[in-house]
Structure formats: structure tokens, C-alpha cells
4 protein chains.
Amino acid sequence: MEKVGVLFIGALGYIATTVMAGALALKRGAGSRAGMVTDLNHFAGLDLVEPGEIVFGGWDIREGSPRASAAAFLKNNQLVAREIIDAIDDELDSVLPNLFRGTARNCGRAIAGLSHPGAVDNECAGLREQVDKLRSDIQRFRENNRLDTVIVINLASTEPPLVLHDAHHDLDELECSLDENRADLVRASTLYAYAAVAEDCPYLNFTPSNGALIPAIIRMAEREGVPVMGNDGKTGETLVKSALAPLFLCRNLEILSWEGFNILGNMDGKVLDDPENKESKIRTKDRLLGKILGYTPHSSVHINYVPSLDDQKTAWNFIHFKGFLDVKMSLQFIWQGYDSILAAPLVLDLVRLAELARRHGEPGLMPQLASFFKAPLGASRHQLCDQFQMLIDYVNRIKRSKKALANRHLVRGEIV
Amino acid sequence: MEKVGVLFIGALGYIATTVMAGALALKRGAGSRAGMVTDLNHFAGLDLVEPGEIVFGGWDIREGSPRASAAAFLKNNQLVAREIIDAIDDELDSVLPNLFRGTARNCGRAIAGLSHPGAVDNECAGLREQVDKLRSDIQRFRENNRLDTVIVINLASTEPPLVLHDAHHDLDELECSLDENRADLVRASTLYAYAAVAEDCPYLNFTPSNGALIPAIIRMAEREGVPVMGNDGKTGETLVKSALAPLFLCRNLEILSWEGFNILGNMDGKVLDDPENKESKIRTKDRLLGKILGYTPHSSVHINYVPSLDDQKTAWNFIHFKGFLDVKMSLQFIWQGYDSILAAPLVLDLVRLAELARRHGEPGLMPQLASFFKAPLGASRHQLCDQFQMLIDYVNRIKRSKKALANRHLVRGEIV
Amino acid sequence: MEKVGVLFIGALGYIATTVMAGALALKRGAGSRAGMVTDLNHFAGLDLVEPGEIVFGGWDIREGSPRASAAAFLKNNQLVAREIIDAIDDELDSVLPNLFRGTARNCGRAIAGLSHPGAVDNECAGLREQVDKLRSDIQRFRENNRLDTVIVINLASTEPPLVLHDAHHDLDELECSLDENRADLVRASTLYAYAAVAEDCPYLNFTPSNGALIPAIIRMAEREGVPVMGNDGKTGETLVKSALAPLFLCRNLEILSWEGFNILGNMDGKVLDDPENKESKIRTKDRLLGKILGYTPHSSVHINYVPSLDDQKTAWNFIHFKGFLDVKMSLQFIWQGYDSILAAPLVLDLVRLAELARRHGEPGLMPQLASFFKAPLGASRHQLCDQFQMLIDYVNRIKRSKKALANRHLVRGEIV
Amino acid sequence: MEKVGVLFIGALGYIATTVMAGALALKRGAGSRAGMVTDLNHFAGLDLVEPGEIVFGGWDIREGSPRASAAAFLKNNQLVAREIIDAIDDELDSVLPNLFRGTARNCGRAIAGLSHPGAVDNECAGLREQVDKLRSDIQRFRENNRLDTVIVINLASTEPPLVLHDAHHDLDELECSLDENRADLVRASTLYAYAAVAEDCPYLNFTPSNGALIPAIIRMAEREGVPVMGNDGKTGETLVKSALAPLFLCRNLEILSWEGFNILGNMDGKVLDDPENKESKIRTKDRLLGKILGYTPHSSVHINYVPSLDDQKTAWNFIHFKGFLDVKMSLQFIWQGYDSILAAPLVLDLVRLAELARRHGEPGLMPQLASFFKAPLGASRHQLCDQFQMLIDYVNRIKRSKKALANRHLVRGEIV
């Protein structure tokens, strides 16, 4: 079996911490795998990597340790049973040698404000130098841990939107921008994505930051045979939206307004409290409706920082719709989920499925992963059930080809 | 174009009233067709009957008139614009000659309590006499209005469940039960369904009453070439359930409990306030989850009569689920819809699609209509999106066969 | 009995329309008085003016008629029974001769945008001219209708906050500002309030606009013996807040966060969609909590314009609180009320109680009316039950003094 | 300072466990006192007993230990920080010597089902024997721990309602019933209450069981000078009701329907799932509205057992009300609180205030404690704010009398 490593951008955040703690817990048989899509029967027989076998590491712009992050997460959110945490607390330290200093280059004031002061020098370096530093981090991680595959996942705070220019569509121009140190044309997420693809690492953008998988980098991934996918993990309110909006479509009920109010109190909420970062998030959350419905109802998405909630995202949605003879009716929902607990198993799913795609030599975007993202790149289906069906169809194709392969081997064997 | 008539069981109820008033309004261009599934583009080109061209009639056990029912509905529910109602008020009287005295045979005390006293003699008649009376009502309706097709739709109050015996599975035994006047083996809905199929009328059971489409009558429909379908129109809470439950399934989130509380104040609510009638309803509402999820979480459905709400059904659902590392989270929804406004356009859809099925000579159950029912007979798919896809696939098949037919005609024409 | 007239600022708005239509309906015995506080038993025997006896008029910056406003209100909100409206539709025209062209002087772009183009010249006039025009409108209304008392009520759209200077605290300086045409120091509401008090008319500010009852005008009211009160009618979310916040106080449960999201679609919502106008509203809504609790929890109030809701204000509040051993819990509420239907009876209450205060010769602020306002001027009690008790205590004092007076008259009568 | 002991009926239940664990935690400075009413400033200077100084004990019909109960509570509800529990875990064992075998005499099948099999013999004993056994338990507890005051609090599962006869109104007849072993005339709670009062112990009924403080026992308490109070601690839904209902009253908004749905999964929920026990609970929850409003709207209270929620009581209330011109509007609330976390600090409050009442020689009912109970005995005020004011007034009276006493002492001192 291949040995798989994962590098997180934002390795000290709640999600990365939960992924690492969860993988260690599962290894010891503690805690439920609920929330992991790849634990469903459909995915049996694909030789997916076991969560407990993954080697973790990553970058962060803050000081700290996974162990301290886990302690803070638990202190602020009475969620995970103490037995589970007691069991793995020591082991979290094993990640420490795989942690690298990250970059917040051109990520806006809200993220810069989180940075460790020592990061300043780093930020003055040229873009090319920074890319080289990230690539050598990846190489070090791979070599130190003797890994066959390294997957990079962006879990960092949401950056402000990057306005796309022609330069972002052309790989040569992107290379020039790096050489000419045009920091205004990239964000930190661009540097990470470039470095990952250059190092032959599948790359997953779990955030709304559009600077990561710009068209030029997607081309590069296609050319280099590296699977990549994004944007923005679909964990809560938008997940419900993509399940509910089709109801109105298939009943021919006209949505008049769909208003969403989100409150949360973790680091994600704090960064999103800054209008320029919030802008990225609302874009990926808000465009879904029109794509499912075929028309654009009055709709807005609000995100507010409420510290006392910490990781408990609470979302109220009010859906106003018109039925027969113009009568107005409504559906409301209230979602109360823990962001990191919802995201972590999906991150493990993405690791497993990206490794599968790589093993099968699939370059570029992975549209079969559309159901995992709020704004899936290259995907034309936006209803949750359609997206899930795409994933199942993909998996069945893989299984058939494996079986065909196995049969062929068998036949050959018999011949011999 | 064929001339189509519809007979409602429960012709003075809110739903029948809304269907009739709505069809008249649409004919005058007043009011929106929202909520009519067959108004979606998919259904264009099928020569479906226009709502405004349908001739309406039906049975009821209460005294009254459609006009009085419409006035009562409007008085209790400020819903439909006065312009719409003013426009059609007079025309509602045109239904009067098509109204017949109904039967509440063996329907339980709650429904019997609604009966007009004059109905008593009627109830003493033999079962065979009653069936003959219903058949002659259908014949009269057909002849008086020169109809090509008559469709019968059960919109009556929910009966208590009928315990199914061997006798209900065999058509000969059912005939015997009628001859031997075994009133304990049938409910009113059985007599109506039998009469409809015997008169070659497509029959739709929009209620949870399981006495209507018993296996023997489904066999009879198959033999006679009559399309039938049921049970229980899916208008609100269960509709949302069938859209939301797949979310948990495809995210591998384990549902711990799904509790539903419904409050409503119309006649339906009043009858369901009686435990024996409520039993039927809860059965069709409650079994869905297990069928979608593949396991049966703790779940209960409560229905309470709250007169002040009249037709405004309000449902609160609390969904408790378990995610990664055993963490519990929740989703709640609050549905506020008007039962009759939601049901009426679906009734029009069912009329149109039953007429289509009949025109195409399809006998017995119509599984393509699964998405319209809480407990669709003969259907194996319970997720809303799958059910809708089944309908679209069916429609596309019909269109292709029409096109093929048209092409053949064209070819023949050319040959000649 | 005294003859009472009421002039509305914003006479074509939903609230004024509902007040006028409601008063006419009550006169004919149609419709419930529910929502009128002064209809409670406590208020019997005070000779309060009958709603049906009030003469209505007012100012507006838009073109139109009360009848057209009523029709628009009904078209957009299926609320009031058609019998009620049919009964009074004609009579609404009787208000037409009492309508005057209003002013939106220095009210911000959102309100100016509503103005009729003909209003432009008017806006160029000097402040003193404008005040004189308003005073002559009042005089005309009083004389034409032979009124003993005229009460002025501000129901106009919310203005942006007025930054208070020393000039606003001193009546002489205010007079200078008017003479010197310092339009930057006043808003339209200031001119109306000044004119009302100068004409000996009790003045009620049902809006959050703080330009109306500036300290200088309150002094003027005290000096001239005119009762005045404000600010901002307490009709929905804040009403619930003032009833619920004491629960947490008296149970020693610490409120961590209280987040409020309001959506509405009427003219009020449209104007509040402009950030500078919204600012006024949020100020009166948001300060209540600290005043009740004695500490200031994390709290925010959001207002969003959702046109499809029209007058149906829907508010979701999430209250996060800490209990024993630091455990966090929550209370949520969803308020669905019709703003105009809630406000109109309170406006009638305020007319009746302002007339009572005037009859009893009470000058200046009316703290007994604190329960009617979000930010009651001169009030130290903010819990709803305390405020209501203040009103009952006041009414009982009046009753006792009336009784004492009656007894004295009786004694005198006997002497004679 | 007096030494105070508390005996719980239901000493192994969640509430008793939380009270004991909480008191130990507070003693060590861990955990917040939020939720304790007597921690408010009003109560300073009354020499109330410190929670950490109370000696705990009690009866239960189940086997177990406080430590095991605390572990089960924590396992099922991730609520209290592990530091808090780690700190006091050992000390919980100190309660063990104060635990006695309880009785479930005539408490219905649901409670009997919880009983330890060894309890059977006990149940065969005569009533008088059982009372004597309970009295000797109290004596033992008092002597072993050298207590000045022992307070008995009923935290046991809800019994079915006891139909009150003349015999329950007369103390002599009650004595006869005990002597004649008329088990049908008493429930376990009656025996406990009798024993407590006979042993001069203040008694508090935190449950809805009406068999406890029957009129004869209240008379006995008055005669013996023992303070007693009940029934049914007001911790959640009813607490909110008593704060919200006055809003509608003082705004003259007519409540049409008030429907409450409660779901919970702890032992309380399990016992209440039995219809005969539920009956008691619903009675105390449901009568409040009429008492506050002066009329009785359509109202029902539902309680359902949902195991996955364990101690997290979730309640949805739908309040339908009528406003001006008969327009219907609604308020909904969703309460999510932990029953034991809400109840425990109130139990500590009741201990402190019952000890205060005893110290001041107040016999019989304690109406000043009305705000703590759903159905406060002898209380005429049902609005939460009025009830709280009663408590503050009482406390102020006590303070004044203390001050007067102190002054008198001072004066005497000076004289000497």
C-alpha cells in the first residue's frame, strides 16, 4: 500500500486539528466515522488509504502546536468525549517535526493580524524565493517521512477575492509574475497551489479563496498530471440549500426570497467579520441558488461573528415562496452544527479520493468531487443528489475498470 | 381534444374547492400556476388537458355548495386576492348539477359526525346497492356533460386504517363481500374505488385511507386497463422530509431522532384529531425515513388540531444527528404552508397525468407519479429527486414514442 | 366631549392608512379592537376619545390618496377581511381635504428619493417659511374641522441620525438656526415638531428620528404646556426583548450574545436599507439590553429589506446564555407580525392618552407612555412589566383625581 | 453559623447529582454560579448558607452512587468542563454514607420499573413502618453529621396524579390512613413529606407530584412551624411562558392558541413517556396561561421522550394571536436548555431560602418562592416579574427587620 502524507495550509486551525485528532482516534478504535462519505458501502474495495495511516504536517502563520490547538478547541467546545482525547493527546506531538512557517502574502489585514511577528522578514522575500521555500518544505516532508504521495489541502482563513486578469489565465504569464515579484497579482494561496502542483502533489482548496486554483494553475495541473479540486467545502447552510432548493424546483414553487443568517465564533468567523474577506465567502455561498433554480430570487447571505458560539455555527434561513393562485408561504430552517466536526471527515474523504485519482492517473479538475464543494470548479450539476450520483457513478467506473483489469490479469494468468 | 371530467370524493372540502376555483381563475388568466408540476417546461407538447377545460363534480356527505365552501375558505384564510374570487364566484354554481350525495360507510365516528342527517337511510342500503348508486352517478355525470374521460379523485377525510385480510387480495372474494353485504370488510373509499374502476375511470387516492386501493382493486384496474395511483398527497412536511433525508444519507451523518409536530385547524385537522383516523395518517408519514435511510431512527410524527390556524399547516421538525467522533448536531425546520393551496395544483397535475396514462393505454399502478404521494404504491424510490427523475424519464419516453409515431405517420403519408 | 383631530407626518404610509381605515371600521362595528391597550378595562371611565370620532389629516411628500394606499396595502398583504374594507372604502376619501404637501428637508437620499418632483421648489424655501407653512396647515385643519385639540404624530420614514450640538439644547439658538436658515442643523422632523408645539398640539414621535424631540423642543413643550413623547414605537422584536430580557436577569443567567435579524419589505424596510437611515433604527433597538441587564452582552441588530414580505416583519433572535457551571444554552424566537397592524392600535392609544394628558394640563414629556416606545424619553424603567405598571399607576392617579373632583363638585352642588 | 444538611428524594438522579457536584465545584472556586438567583446582589447580607458548606444525602430506589451518576451524566451530555469534574470526583463518594433505600409506594408502573429488586420487601411493609423508617433515616443523617437544620427536597420522578379526597384535607384522617395502611390514599411522596414535617424539616416539592404537599400536610407544617413549598420547579418552557404571556396581556393582543412541544431524553423524559405520569406534569404546565391571561386560549402541552437528547430539553412553542382588525400573527420560540443544569442552582436557592425562612420562624407555605415553581402553592401572582418582585420585597423586609434588630441591639448596647 502507498504511504500517504497530507500537508495542511492552516495546520494549527480547528479543522486541521480535528482531522489529525480524529485520524488518531479512529486508529485506536475510538469515536465514530460518521460524516465520512467514503465510509459508505459504495466505497468498499477501492483500497482507500486508512485515516490512521496518513502522516500529517503543514504550514501556519501562527505559533503553537497541534496539542495546544486541540486543548483550546476542547476548552471552548464541550464536544468530543474526554476518553477520545486522552487517548491521543500525546501522539499529536508527533506532527510537530512536520510543521513549517507559513505565509500570509497579500491576504488582507484580517489574516495578517493573526501572523506571528517573526513572519515579517519572510513576507519581504521575493515571490520566487517564497515558492522555493514552500517546495523545499514539501520535499523535506516527503523525504523525512518516506512518502509515496503528498496531498496539499488549503484550510487557511478566507482571503479577500483576487480580481482575475489575463495574467491569471496563462501559465507563462503567471511564471513572469512570480519572477517579476508582482505580489499584487497573487495571494498566499496562489503560491501554495503553484508549489504543490510543481511538486506533483494533488491540491484541494477547501476555502473560498479564489486566488488558489486560478485558471493558469489548473492548466499546469492538467499538463503535469496532478489532480486538483475546489472551492470551499460544503459543510452546513449551503449543503442544506443544495438539498432543499431542488424541492421548490421540482414542485414548480417560485422562490421569492431566500435569506440566510449565519453566526459563528471561531477563527473563521473572526476573519470573515472583515468585509473584504467576507466578500469571498458570500460569493461562493450565494451563487448556488441561481444555478439550481434557473432564475435568481431575492437572496442574501449574512455572516456574523458571535464569539460565544465558537465553533458552533448556527444558521437561520427564511425561504419565502409563492404557490398556486399567488399565495405566499414559507419554510425556515435552523442549522446547528460544529464547523470543524463537519469539515474534518470531508477533508479525510478528499484526501482518500484525491489519492485514488492520482493512483488512477487522472490529471486536472476532479468534477466527481462536486458534492464536497460550495462552488465546485468545472461542475455543471448543483443539486446535491445529482452531485452525489456523479460521485457514485465515478466510483462504479473505477471499480469496473479494476475488475476488468483483474479479469485481464486473471486471463493472462490462466494463459500462462 | 378529449373532454375530461373529474369527480371528487369530498367535493365540498377545501381542496376540491380550491381546485375548482383555481381552474376557473386560470381560465380567466387570473392567479399564478405556481405549484403545478405539469406547468414546467418538461411537460410541454404532451397535449395535457387545460385546467380551465375540465368539468368538475363529485360527492359529499355534507350539505352545501362549492360557492359556500369557497366563501368559508376565504373567510377563514385571507389568502387569495379578492379580484380572483370575484371573477369566478358565480361560475362555481355551475358545478351544482354535478354534485351527488356521498357515503361514509364504516368510516369511523369522526367522519360520520360530519354527515348530513339525510344520509342515514343511504347508509342502511346494501353494499351492492351503494356501489350501483355510485356507478350510476358516474354514468349520469359522463352523459350529462358528454365526457370522454372521467377521473375520480379521493379527497375525503382520512378513514381509520382497514386491516387487510386475504379477502382484500382477491377480486372474487371482494365481489362476494359486496354481495354478502360484509360492511366490516370495506370502507366508503373501497366502494368508490370499486365503482370508479368498474366504470373505467382512472382513480387517484390523495388520502392515506388504505381501504381505497386494496390489492384486489389494483388487480381489477390492471385487468380492466384502468390507471390508478395513491396513497396520500405529499404536500408539506413529508415533502420536505423526502428532500432532506437524502442529505444525511449521502453525507453519512447518522440520524438519531427525527421528531415532527404538525398543527393545523381545517376539517382535515379536526378528523385527524380522532386517534383512529390519525393512525392512518401517521402510518404514511412515518415510514418514509426508514425507506430512504436503510435504518430506522427514533422518529415520531404528531398531528394536533389547532382551530385558529384553519388551513395554515405549521410543522416543526427536529432532526438530531451524529457526526464525526460522535458529536451530536441538529437541524430544525418550520414549514408554514396552506394545505389546500399546496394540494390543489397537484390534484390538477394528477388529473392531467392520469388522463395522459389512459390515453396511452397504461393499466394499473402509475409508479411514475411516486413523487406526488407520501406512500406511493408500487414505488421503490423514496428520495424526492429520484422520484422526480422517474417522472421526467416517463415523460421523455412518452414524447419519444409520440415522435416515433408522428414520424411513422409522416413516412406512411409520404409513401401514400 | 372635545372634538379631536390628528395630523400624521407620513399620511399616505401603511401605518397612517391602517389607523384611518381601522378607526372607520371600528365606527361601523367591524373588526376587532385587539392590540389597543386603552381598550383594556383599566382605561374605562376616562372619557377617552372614540377612534371613530377622530378627524384625520396629515402631510406626505408623495402623491396619492388614503384610498389608493389602502388598496396597495391590501393588494400586497392579504390581511384584513374584505367586508371590513368594502365598508369603509368610500369614507377614506373624506380625509383628502385634510392632506398637505410635506417636506423631506435634510432627510437623506433614501427619503428624498420618495419625494414627488413638485416638492422641489418647496425644499428651496427658507426654514422659517417652511415652519410657517406647516403652522398654517395645522390652523387650516383645526378651523375647517372645528377641532378642540389637534395632535401631531410622526409616522414618516426614519431619518439619518442628527448629531446633537449645543444649539439643539437651547430654544433661543434653535430659533436663530431657523432664522438664519441653517438647514444643516435641522431635519424635517425638527420643523414639524417645532410647528406642532408652537401651535399647541401634543406631538408624538413614533419613529427613531432623533431630530424631532431635541432637547430645545422638549423645553419649549414644557414652557408652552404641551405634552410630547417619543421615540420609536415598540411593536415587535424590541417588545419581545423587553419582556424576555428580565427573565435572564431575575434567574441570574448570563446573556453571552443576543443577535437579532429582521427582514421586512414595506417602505420602512426600503428606507432602512440605506445605511444612514438604518443607523437611527439600530440605535433605538440596540441600547435596550444594557439598560435592562446592567451589563452589555455581545449584541447586534440587523435589518434587511426583503420585498416579498411587504408588511410582514419577520425577526429571528438568537439568545446565547450561560448557566450553572458555565454551561451554554440558548433561546431563539421567531416573530411574525404585520408592522402596520401592530402599530395602528398603538397610535390610537397614543392619541387617546395624549389627549387625556392635555385635558389634564400635563406639560412636556409623558413618561407614563414609556411602554409604547423603544427608546422612551425621560424614562428610567425598561422592563416591559415595569413600564406597563407605570401606565396603570398613572391611570389610577387620574381616576382618583377625577373622583376627588367629582366628589368636590357633588359637595358644592349640595351646598347650592 | 448553622450547619445545614439536605436530603434529596431521588438522590441518584441527574438533578441531585448536579447539585452535589456543583456545590463541591463552587467550594473549590471552579465553575460559574450563574443560574443561582440568590447570588444576585439583592441577597447579600442575609447570611445564606454557602453551597460548599451543605452536607448532602438522600434516598433512591435505584442502586448506584453519586460518582457513577456523575460519570453517566457527563458521558451522555458533554457539558461541564473536565477540570471541574476532575476536581471533585473523589469527594462525591463522601455522600455515600448518607444514602438510604427509598420507596416507590403506589407511584405507578413507570417508576416501579426503575426500582431495585431488593426494594420489594420494603414495599410490603405497612405505611406507618415506612414512615418510621424514613424518620429514622432523617434522624441518622442529622446525628451522624451534627446538623442544625435538615431540608428535604423532592427531586424524584413524577408520580401519577393523586385524586384528592376529604381525607387529604384533614390531618387526623391522614393519620388514620397511615395507621389503617390505606396505601391507595397515599403515594411515596406523601410518606416523605409527612416524615419530613414530622421531623421538623423544611420540605420542598420540586416535582409536579401532587401527593406530596396535600392540604393536610400543609396544615401540619403550619401547626409544627415548618416551612414548606411547591410544586414543580420552573426551569424552562413554563419559565419562558410566564415571561411572555404578560406581553400579550399588556398589549391587549388576544392569544388564539399556545401550543407547546417538549422533547427530552433523560430519566424524567422516560417516566413522563408513561401517560399516567405525564398527566401530572401537563397539569402544572398547562394551567398557567389562564391564570395570567384571565381567559383560557386553546392550548396544549406535549412531552415526548427522545433518548438521543438525554438532558437537553428542547421545546418549541407556537403562539398564535389576534391583533387589530382580526389579523392573525405568531410568535414562536425554541428553548434549548439542560434540565439539570437549570434546576440545580434553583435547588440551591431553595435550600438557602428555606433555611432563611426557618431561621426566621416562618411556618407553612412560602409564597415568596412562587417564582421558582410552575404551580406555586398559595400564590396569586403568576407573571414572572410580579413573582420576582414578591421575592425581592420579602428579602427587603427581612433585611429591614434584621437592621431594626441590629439597631435595637445597638441601642441596648449603648444603654448598657
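How many salt bridges are there between chain C and chain A? The count is 0. Keep that in mind as we walk through this predicted model, with chain C as our base.

**Stop 1: chains C and A together**

Select chain C and chain A. Chain C can be laid on chain A by a turn of 180 degrees and a shift of 0.0 Å along the axis, with an RMSD of 0.1 Å. That is the relation of a two-fold axis. The same surface serves both copies, and 100% of the contact residues of chain C recur in chain A.

**Stop 2: where C meets A**

Now show the residues in contact: 24 of chain C with 24 of chain A. About 1900 Å² is buried between these two chains, and carbon and sulfur atoms give 64% of that area. Highlight C:F261, C:S308 and C:W316, which lose the most area to chain A and together make up 28% of what that side buries.

Next, colour strand 7 (254–264), strand 8 (298–305), strand 9 and strand 10 of chain C; these are the elements that give two or more residues to the side touching chain A. Colouring by class, you will find 10 nonpolar, 12 polar and 2 charged residues on that side of chain C. Turn on polar contacts too: 10 residue pairs, both at pLDDT 80 or more, are counted between chain C and chain A.

**Stop 3: over to chain D**

Hide chain A and bring up chain D. Here 56 residues of chain C are in contact with 57 residues of chain D. The area buried between chain C and chain D is about 4800 Å², with 70% from carbon and sulfur atoms. Pick out C:R251, C:F324 and C:L325: they supply 19% of the area that chain C buries against chain D, more than any other three residues.

Which elements should you colour on this side of chain C, counting those that give two or more residues? They are helix 1 (14–27), helix 10 (237–250), strand 9 (312–322), strand 10 (328–338), helix 14 (339–359) and helix 15 (384–415). Strand 10 of chain C provides the largest share, 11 residues. By class, the side facing chain D holds 37 nonpolar, 12 polar and 7 charged residues.

Across this interface the rule finds 0 salt bridges, while 18 residue pairs are in polar contact, both at pLDDT 80 or more.

**Last stop: strand against strand**

Zoom in on strand 10 of chain C and strand 10 of chain D (residues 328–338). The two run antiparallel and are joined by 7 bridges. To see one pairing, select C:Q336, whose bridge partner in strand 10 of chain D is D:S330.

How values were computed
Residues are numbered from 1 along each chain as its sequence is written. Chains are lettered from A and ligands numbered from 1 in the order in which they are written. This is a predicted model: local features need pLDDT of at least 70, side-chain atom pairs count only at pLDDT 80 or more; totals for chains, interfaces and linings use all residues. Side-chain values use heavy atoms; hydrogens and water are left out. Copies are superposed by least squares on the C-alpha atoms of residues with pLDDT of at least 70 in both. Contact means heavy atoms within 4.5 Å. Buried area is the accessible area (1.4 Å probe) that two parts lose on being put together, summed over both. A salt bridge is a side-chain nitrogen of Lys or Arg within 4 Å of a carboxyl oxygen of Asp or Glu. A polar contact is a pair of N or O atoms within 3.5 Å; within protein, one must be able to donate a hydrogen and the other to accept it, and residues adjacent in sequence count only if both atoms are side-chain atoms. Helices (H or I, at least four residues) and strands (E, at least two) are DSSP runs, numbered from the N terminus. Ala, Val, Leu, Ile, Met, Phe, Trp, Tyr, Cys and Pro count as nonpolar, Asp, Glu, Lys and Arg as charged, and the others, Gly among them, as polar. Two strands pair if DSSP finds at least two bridges between them.
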